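Please work through the exercises below with the sequence and the model open. Each task is followed by a solution in steps.

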Amino acid sequence: MFLAADGEIEAGRIRASATAIAAQIKEGDNIYLFTESASLFVAGLLAATQKNSPVSCPAHLQPSYLREIGAGDGVVLTDRQLYHMRSIHLTLSEKREADAGDGLSVDPDIFFYTSGVTGKPKAVRKSIRQLDAEAGVLATLWPRGARRVFGTVSHQHIYGMLFRIFWPVLAGGTSADLRADYWEQLADKLSPGTTLVSSPAHLTRLPPMPAGTKPDLIFSSGAILSYSAALSARKQFGSFPVEVLGSTETGGIAWRRQENVDSLWNPLPGVEIEANGDEQLCVHSPFADPQNLVSTGDLFEREGTKFRLKGRGDRVAKIDGKRVSLVRVENALLALPIIEAAAAVDLPERNGALGALVQLNAEGQAVLVERGAFRLSRDLRHALAERLEPAERPKHWHFGSIPLDRQGKQTQSLLRAAFDRARQQTLGRGRVQNIQADSAAIIVELMPDMIWFQGHFPAQPILAGIAQVHMAALWAEQIWGRKAPDGNLSHLKFRRLLRPGDIVQLKLVRLPEKQRLRFSYTLNEVIASEGTIEEVA
């Protein structure tokens with residue numbers, strides 16, 4: 001049963017909708033199913049099985065992407081209006097009879113699309129039986145977790161589909177028909193007895209929530225949740241999120257609660273792990289191909305029956321909880337007429353955001369001079385929207401030559417170093433001492449080439465007061481993933497000058513209930529400056 005704004009959507013109504021949809025499908029049509037509504041997704045899935053049609057789950061509806069996965073030769077079922085392909089617009093039937101058609105009479109193939117290392121979307125086949133088996137494991141581990149489910153993630157991806165559709169249906173629970181796009185939509189819903197299905201992309205941008213916002217369980221998957229975000233979630237909701245490690249190919253692999261900074265992963269029941277020749281994590285799982293080991297591309301280290309992750313061993317990165325092929329991003333960049341060479345890299349020091357190093361041709365150099373780096377990067381992101389979904393579009397840009405090692409090869413360390421140099425010009429050379437949910441301490445070396453010293457003053461450069469405020473706000477965004485308040489300044493005190501080469505301790509304290517950020521710079525154990533940034537009411 002699904003919960004919509006106008007009431008509950010029961011099984012009889014979904015089955016009646018499926019019968020109406022099936023009447024519009026030909027036997028054996030290739031079905032591409034994309035909906036915002038979970039109940040309409042189930043209706044479309046039931047309709048497709050009535051016609052013995054395989055079902056593909058696009059990640060989004062960008063026209064060039066749909067053509068790339070072959071949707072032009074099939075039928076797109078969606079609750080949006082599409083005009084560029086053969087499509088059927090789904091609606092819920094008004095009929096509610098419980099006997100309006102049967103459930104799944106066969107075990108159909110469902111295809112998900114993920115980013116392969118070649119840069120092209122890779123189709124991954126799953127069966128209903130496999131998804132049911134994984135939902136059964138969730139029901140065993142968290143037997144009361146599917147009573148009332150709300151989510152911030154899409155059911156078009158396997159994680160959202162399992163946790164928002166299959167598990168609640170299996171357990172006889174209730175799930176929200178639509179995902180929440182904003183935290184404010186959940187403010188009056190996450191009471192005891194509920195479960196929140198979310199992701200690091202959302203949990204690292206967690207605003208203050210009303211008192212009593214205490215779901216029984218919080219799940220996070222798609223990427224590794226930072227320790228500071230886990231602490232923030234516990235402070236906000238009263239418990240640590242349950243992180244679930246997995247992928248489209250493997251299904252769920254393991255879970256953990258980050259109760260300390262080095263919490264280990266527990267394999268899910270029935271999942272066996274081992275290392276391949278490259279020391280990468282491989283999985284033998286009932287939720288994947290049971291005959292084969294599936295490599296995840298993750299480096300790992302065993303500790304008894306548990307394990308810890310040690311980074312990626314391939315060119316697929318997790319960006320905002322989604323697998324992104326860096327090769328695919330580079331190919332999309334190279335297809336733009338003003339780009340001569342391009343390299344994509346994930347940036348762990350910037351909360352895992354995606355960066356692009358771009359070498360422009362002569363035409364592009366002229367555009368850069370005319371438009372400037374900020375406007376050009378915005379234009380390039382817009383140009384990529386036809387082919388790439390939001391997580392695949394770089395957030396950080398660097399225009400110049402692509403760094404190569406002595407063998408003429410690109411390496412992640414060199415690519416990240418190019419961004420680190422730009423980062424040091426605004427943030428300084430920093431080393432984090434301590435991070436908590438709402439406080440942090442960083443040792444910062446003020447580099448002579450920082451942009452803040454330019455013009456203040458050529459003969460005796462100093463770090464101006466307003467620059468110190470900007471630096472504090474940028475460090476807060478770097479650490480917690482949310483933009484610091486931008487408004488009034490109060491309690492400002494500047495006691496000592498800060499100069500190039502100084503090594504200072506920057507302390508940050510968030511006061512989320514009042515949307516304030518308090519900062520202080522300490523030089524040689526003496527507070528050099530301090531103040532508060534407070535958002536304008």
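The exercises cover two sheets, a helix that packs on one of them, a surface patch and several salt bridges.

The model is predicted: local features need pLDDT of at least 70, side-chain atom pairs count only at pLDDT 80 or more, and totals for chains, interfaces and linings use all residues. Residues are numbered from 1 along each chain as its sequence is written, and side-chain values use heavy atoms, with hydrogens and water left out.

**Exercise 1. Give the strand order of the six-stranded open sheet and find its edges.**

Step 1. Strands are DSSP runs of E with at least two residues, helices are runs of H or I with at least four, and both are numbered from the N terminus. Two strands pair if DSSP finds at least two bridges between them.

Step 2. The order is 25-26-28-29-30-27, and the pairing is antiparallel.

Step 3. The edges are strand 25 (429-435) and strand 27 (488-494); each has a single partner strand, so one side of each lacks a neighbour in the sheet.

Step 4. On average, neighbouring strands of this sheet are turned by 15° against each other, direction ignored. Axes here are lines fitted to C-alpha atoms, for helices over the stretch in contact, and angles run from 0 to 180 degrees between N-to-C directions.

**Exercise 2. Trace the pairings within this sheet and name some facing residues.**

Step 1. Six bridges hold strand 25 to strand 26 (residues 439-445) in the antiparallel sense. Here glycine 430 faces valine 444 of strand 26.

Step 2. Strand 28 pairs with strand 29 over seven bridges, also antiparallel. Glutamine 505 has threonine 522 of strand 29 as its bridge partner.

Step 3. Between strand 29 and strand 30 there are eight bridges, again antiparallel. Leucine 517 is opposite isoleucine 533 in strand 30.

Step 4. Strands 29 and 30 form a hairpin with two residues between them, and asparagine 524 in the turn has a positive phi of about 55°.

**Exercise 3. Which strands does helix 11 lie across, and why is strand 29 called largely enclosed?**

Step 1. Helix 11 (residues 465-480) lies across strands 25, 26, 27, 28 (503-511), 29 (516-523) and 30 (526-534). The helix runs at about 115° to strand 29. Contact means heavy atoms within 4.5 Å.

Step 2. Buried means under 20% relative accessible area, exposed over 50%, and partly exposed in between (1.4 Å probe, protein chains only). Seven of the eight residues of strand 29 are buried, so the strand is largely enclosed by the rest of the structure.

**Exercise 4. Which residues make the nonpolar surface patch, and which strand gives the largest share?**

Step 1. Patches are made of residues with over 30% relative accessible area and no salt bridge; like charges are joined within 9 Å and nonpolar side chains (Val, Leu, Ile, Met, Phe, Trp, Tyr) within 5 Å. Areas come from the Shrake-Rupley method with a 1.4 Å probe, and for residues only the protein chains shown count as cover.

Step 2. Ile466, Leu489, Leu492 and Phe494 make a patch of about 350 Å². Strand 27 contributes the largest share, three residues.

Step 3. Leucine 489 belongs to strand 27, and its relative accessibility of 37% counts as partly exposed.

**Exercise 5. Compare the surroundings of the partners in two salt bridges.**

Step 1. A salt bridge is a side-chain nitrogen of Lys or Arg within 4 Å of a carboxyl oxygen of Asp or Glu. By this rule the count is 21.

Step 2. Arginine 328 bridges to glutamate 68, with the closest N and O atoms 3.1 Å apart. This pair links distant parts of the chain, helix 8 and helix 3 (residues 63-68), 260 residues apart. Arginine 328 is buried at 2% relative accessibility, whereas glutamate 68 is partly exposed at 32%.

Step 3. Seven of the nine residues of helix 8 (residues 326-334) are buried, so the helix is largely enclosed by the rest of the structure.

Step 4. Arginine 510 bridges to aspartate 438 at 3.2 Å between the closest N and O atoms. The pair joins strand 28 to the loop between strand 25 and strand 26, 72 residues apart. Arginine 510 is buried at 18%, and aspartate 438 is buried at 11%.

**Exercise 6. What is the strand order of the nine-stranded open sheet?**

Step 1. The order is 2-1-10-9-11-12-13-14-15, with mixed pairing.

Step 2. Strand 2 (7-9) and strand 15 (266-267) stand at the edges.
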